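Biologist: Please take a close look at the salt bridges of this model. I should like to know where the paired side chains lie, how far they are covered, and how they fit into the chain as a whole.

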Amino acid sequence: MAVDSHYLAQKILQGFHCHYDRFQRLTRGARSRFLKRAWGAVVSASAERISFYDRQVKETSAAIQRAVGDEFDQALWLATRQRYQSLLKFHPQAELAETFYNSVFCRAFERRYFNNDFIFVETVLHSHIPISVQSQYRSYFPVKGGLQKVLPQIFLDSGLNGEFENFENDLEQLRDAFLQRSQETEIEPHDIRIDVLNAPFFRNKAAYLVGRIVTERYHYPFIVPILVNSHGKLYVDAFITNSNRMATIFGFARSYFMVETEAPSALVRFLKDLMPRKTLAELYASIGFHKQGKTEFYREFLHHLQRTDDQLVAAAGVKGMVMTVFTLASFPYVFKVIKDKLGATKAFTRQTVIDRYRMVKRHDRVGRMADTLEFADVAIPLKRISADLLDELTATVANSLQIEGDTLVIKQLFVERRLTPLNLYLEYANDDEIDAAMNDYGLALKEMMAANIFPGDMLLKNFGVTRHRRVVFYDYDEVRYLTDMSFRALPKSDGFMDAEVSAAPDDVFPEQLDQFAVPQQRFREVLLKHHPELKDPAYWRKVQQHIREGRLTDVFPYEQHLRFTRRF
């Protein structure tokens with residue numbers, strides 16, 4: 001049948017609405033899963049939600065292709081884009097709907113049409129009246145009744161609808177914590193306003209209330225983590241006010257929150273005010289809209305290229321056997337392309353690498369695994385690629401490249417936050433920094449283990465140090481589920497000669513891990529001072545058993561000393 005631009009625009013928008021409704025239904029269930037302590041369902045829902053988008057794009061693009069056939073009608077698609085744009089004038093998720101349109105179009109048609117005439121390379125929403133940020137939060141005024149009345153109302157309005165373990169104790173510690181950390185020594189109830197986002201944020205085994213305390217001179221951003229005890233009763237665990245600590249909780253190495261919102265752009269603007277160093281890409285991704293995060297990142301990258309003139313170069317550090325990695329000094333990310341030929345010791349395929357990166361995307365990253373953005377057909381001006389890097393790309397990833405005039409097109413690209421490789425960091429660190437970094441490296445291993453992740457290649461070069469001095473894993477080509485591995489003890493020597501070791505592909509000998517992962521004795525001694533159990537096969541098997549029993553280990557995204565004292 002003949003189709004017009006109105007039909008196509010409506011069909012794509014209908015596909016977006018199907019996606020968003022399904023996304024929100026699963027997100028809405030986070031409250032019930034939390035209160036019921038259904039931790040297995042929490043993990044499953046988080047992984048399932050990530051796949052919603054691609055499934056709906058595939059379904060919608062197939063319907064579009066059936067409707068229009070193989071012939072690309074430029075006039076029809078120019079009109080379709082215009083019609084779709086008009087439908088978004090007062091749409092509460094307009095920016096997400098733009099991205100969905102781009103995804104459907106790019107799946108259905110060739111790359112030569114990927115320009116601003118046919119898709120939304122640049123958003124057109126800047127000319128629209130933005131949705132009010134005030135729609136996303138409630139304001140409370142302690143001048144009316146004091147904090148004793150306002151604080152209980154905040155928790156009541158959160159909709160958690162659970163019984164607290166010792167609510168008076170929680171409120172007392174909240175009041176004390178705020179007064180201790182405020183920059184003003186004398187604050188009366190009539191001096192403040194409290195703004196709290198309408199919906200709690202859920203992740204893993206916690207709910208979080210997010211907001212700010214406003215005085216005449218300062219804004220105090222805050223996060224209040226709420227946990228549930230073994231009897232199903234709630235308790236406040238901490239009061240986080242430092243913007244850097246908040247940024248860590250919303251960090252790129254953590255899984256996405258579940259939070260209900262009909263206006264993501266307004267929610268993100270509120271969060272941006274609390275954490276000004278966070279990019280729009282990071283904030284959209286943090287609340288589960290990872291495809292919008294990709295869109296915002298790509299626009300940010302294009303704008304950065306327009307504003308700068310430095311060239312892409314090979315990334316610092318030891319070159320890997322699986323990925324060719326490059327970066328732009330003025331842009332805080334690295335770009336990774338799978339090599340045409342993997343290193344001789346890598347007994348897996350290109351598809352295995354892709355599958356493992358996507359596996360980490362769906363998994364609980366517990367603050368220890370960097371988020372990865374995967375792109376297809378990325379166009380970069382040749383003039384922005386240094387001669388040395390172009391030679392390296394041509395030699396190692398030629399099958400992933402295509403030159404079109406003055407543009408290099410990379411068929412598949414992974415992007416991660418640029419970190420200081422741990423091995424390089426240790427070269428220049430002082431004794432205290434080495435001690436802290438190696439302790440955190442051990443903690444990173446333990447927290448990944450608790451999340452059922454075995455990193456495989458545990459060399460220091462595969463870990464990085466963030467600006468908050470946290471150690472984060474970022475090389476996923478050998479990552480496996482911990483429960484798939486067999487942790488064995490080394491056979492005992494007879495005293496005359498070493499016993500022969502017979503190892504299957506999934507066998508791991510923890511007694512050797514420190515030597516292979518940390519061959520430098522100085523660093524190894526520091527690691528084992530803090531984490532001697534990492535050499536014990538029984539320790540690794542115990543963690544495996546906990547996972548198989550369905551235990552979800554507590555991994556807190558804030559320091560232990562910030563946690564409140566519980567009084568029963």
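**Salt bridges and their setting**

Modeller: Lys 361 and Asp 371 form a salt bridge, with 3.0 Å between the closest N and O atoms; the term denotes a side-chain nitrogen of Lys or Arg within 4 Å of a carboxyl oxygen of Asp or Glu. Because Lys 361 belongs to helix α12 (residues 350-362) and Asp 371 to the loop between α12 and β10 (373-381), the pair ties together parts that are 10 residues apart in sequence. Helices (H or I, at least four residues) and strands (E, at least two) are DSSP runs, numbered from the N terminus.

The model is a predicted one, in which local features need pLDDT of at least 70 and side-chain atom pairs count only at pLDDT 80 or more, while totals for chains, interfaces and linings use all residues. Residues are numbered from 1 along each chain as its sequence is written, and side-chain values use heavy atoms, with hydrogens and water left out.

Both partners of this pair are covered. Lys 361 has a relative accessible area of 13% and is therefore buried; buried means under 20% relative accessible area, exposed over 50%, and partly exposed in between (1.4 Å probe, protein chains only). Asp 371, at 12% relative accessibility, likewise counts as buried. Elsewhere, salt bridges that share partners join Arg 193, Asp 195, Arg 212 and Asp 273 into one network.

One pair within that network can be followed in detail. Arg 212 forms a salt bridge with Asp 273, and the closest N and O atoms are 3.0 Å apart. This pair links distant parts of the chain, since Arg 212 sits in strand β4 (residues 206-214) and Asp 273 in helix α9 (residues 264-274), 61 residues apart. The partners differ in their cover: Arg 212 counts as buried, at 10% relative accessibility, whereas Asp 273 is partly exposed, with a relative accessible area of 41%.

A further salt bridge brings together the side chains of Arg 299 and Glu 98 (3.6 Å, N to O). Since Arg 299 lies in helix α11 (residues 290-307) and Glu 98 in helix α5 (residues 94-108), this pair ties together parts that are 201 residues apart in sequence. Both Arg 299 and Glu 98 are buried. By the stated rule, the count comes to 34 salt bridges. Side chains of opposite charge can pair when their charged atoms come close.

Charged side chains also gather without such pairing. Glu 186, Glu 188, Asp 191 and Glu 216 form a patch of negative charge on the surface. Patches are made of residues with over 30% relative accessible area and no salt bridge, where like charges are joined within 9 Å and nonpolar side chains (Val, Leu, Ile, Met, Phe, Trp, Tyr) within 5 Å. For this purpose Lys and Arg count as positive and Asp and Glu as negative, while His and the chain ends are not counted; the place of a charge is taken as NZ of Lys, CZ of Arg, CG of Asp or CD of Glu. Accessible areas come from the Shrake-Rupley method with a 1.4 Å probe, and for residues only the protein chains shown count as cover. One member of the patch, Glu 186, lies in the loop between α7 (167-181) and β2 (193-197) and, at 70% relative accessibility, counts as exposed.

Strand β10, which follows the loop of Asp 371, contains Asp 377. Asp 377 has a positive phi of about 55° although it is not a glycine, and it is partly exposed, with a relative accessible area of 33%. Arg 37 also has a positive phi, near 55°; this residue is in the loop between α2 (30-35) and α3 (39-68).

As for the whole, the protein chain contains 18 helices and 19 strands. Its radius of gyration is 26 Å, close to the 24 Å that the globule rule gives for 568 residues, so the chain is as compact as a globular protein of that length. This radius is taken over C-alpha atoms, and the globule rule is 2.2 Å times the number of residues to the power 0.38. Along the principal axes, the C-alpha atoms fill a box of roughly 85 × 70 × 45 Å. Buried residues make up 54% of the 568 residues in the protein chain.
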